[in-house]
Amino acid sequence: MRKMIALVAAVALLGVVLGAVAHIPLPVSTAAAAVIAVWLLVFAVRERHARRAAR
């Protein structure tokens, strides 16, 4: 049940974010997307490094 609630909340949040992106200029949304992509890449690298170090 908690997973379903989390999924519904995530979809609702995605709708809010996409609605906000539709109202801001393209360069601003592109820059925000780039920042998020870099953050996710750093997170993935750190997680992968932590898993290898734990072995």
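Where is Leu13 found? Leu13 sits in helix α1, and that helix is a good place to start looking around.

## What you're looking at

This is a predicted model, in which local features need pLDDT of at least 70, side-chain atom pairs count only at pLDDT 80 or more, and totals for chains, interfaces and linings use all residues. Residues are numbered from 1 along each chain as its sequence is written, and side-chain values use heavy atoms, with hydrogens and water left out.

## Overall build

The protein chain has two helices and zero strands. Its radius of gyration is 16 Å, well over the 10 Å that the globule rule gives for 55 residues, so the chain is more spread out than a compact globule. (Helices are DSSP runs of H or I with at least four residues, strands are runs of E with at least two, and both are numbered from the N terminus. The radius of gyration is taken over C-alpha atoms, and the globule rule is 2.2 Å times the number of residues to the power 0.38.)

Along the principal axes, the C-alpha trace spans about 45 × 35 × 5 Å. Buried residues come to 2% of the 55 in the chain; buried means under 20% relative accessible area, exposed over 50%, and partly exposed in between, with a 1.4 Å probe and protein chains only. The accessible surface is about 5,300 Å², and carbon and sulfur atoms hold 75% of that. Those areas come from the Shrake-Rupley method with a 1.4 Å probe, and for residues only the protein chains shown count as cover.

## Helix α1 and its greasy patch

With 20 residues, α1 reaches 28 Å from its first C-alpha to its last, close to the 28 Å expected at 1.5 Å a residue (the expected span is 1.5 Å times one less than the number of residues). The helix is hardly covered, with zero buried residues among its 20. Leu13 counts as exposed because its relative accessibility is 55%.

Leu13 also joins Val16, Val17, Val21, Ile24 and Val28 in a nonpolar surface patch of about 490 Å². Helix α1 (residues 2-21) gives the most to this patch, with four residues. Patch members need over 30% relative accessible area and no salt bridge; like charges are joined within 9 Å, and nonpolar side chains (Val, Leu, Ile, Met, Phe, Trp, Tyr) within 5 Å. A salt bridge here is a side-chain nitrogen of Lys or Arg within 4 Å of a carboxyl oxygen of Asp or Glu.

## The loop and the start of α2

Pro25 is in the loop between α1 and α2, and counts as partly exposed at 48% relative accessibility. Ser29, in helix α2, is buried, with a relative accessible area of 13%. A polar atom of the Ser29 side chain lies 2.9 Å from the backbone oxygen of Leu26.

Ala32 is in α2 as well, partly exposed at 36% relative accessibility. Ala32 and Leu14 are 18 residues apart along the chain, and their C-alpha atoms are separated by 15 Å.

## Out at Arg52

Arg52 lies in helix α2 (residues 26-54) and counts as exposed, at 56% relative accessibility. Its C-alpha is 17 Å from that of Leu41, eleven residues away in sequence. Between Pro25 and Arg52, 27 residues apart along the chain, the C-alpha separation is 41 Å.

Note on methods. A polar contact is a pair of N or O atoms within 3.5 Å; within protein, one must be able to donate a hydrogen and the other to accept it, and residues adjacent in sequence count only if both atoms are side-chain atoms.
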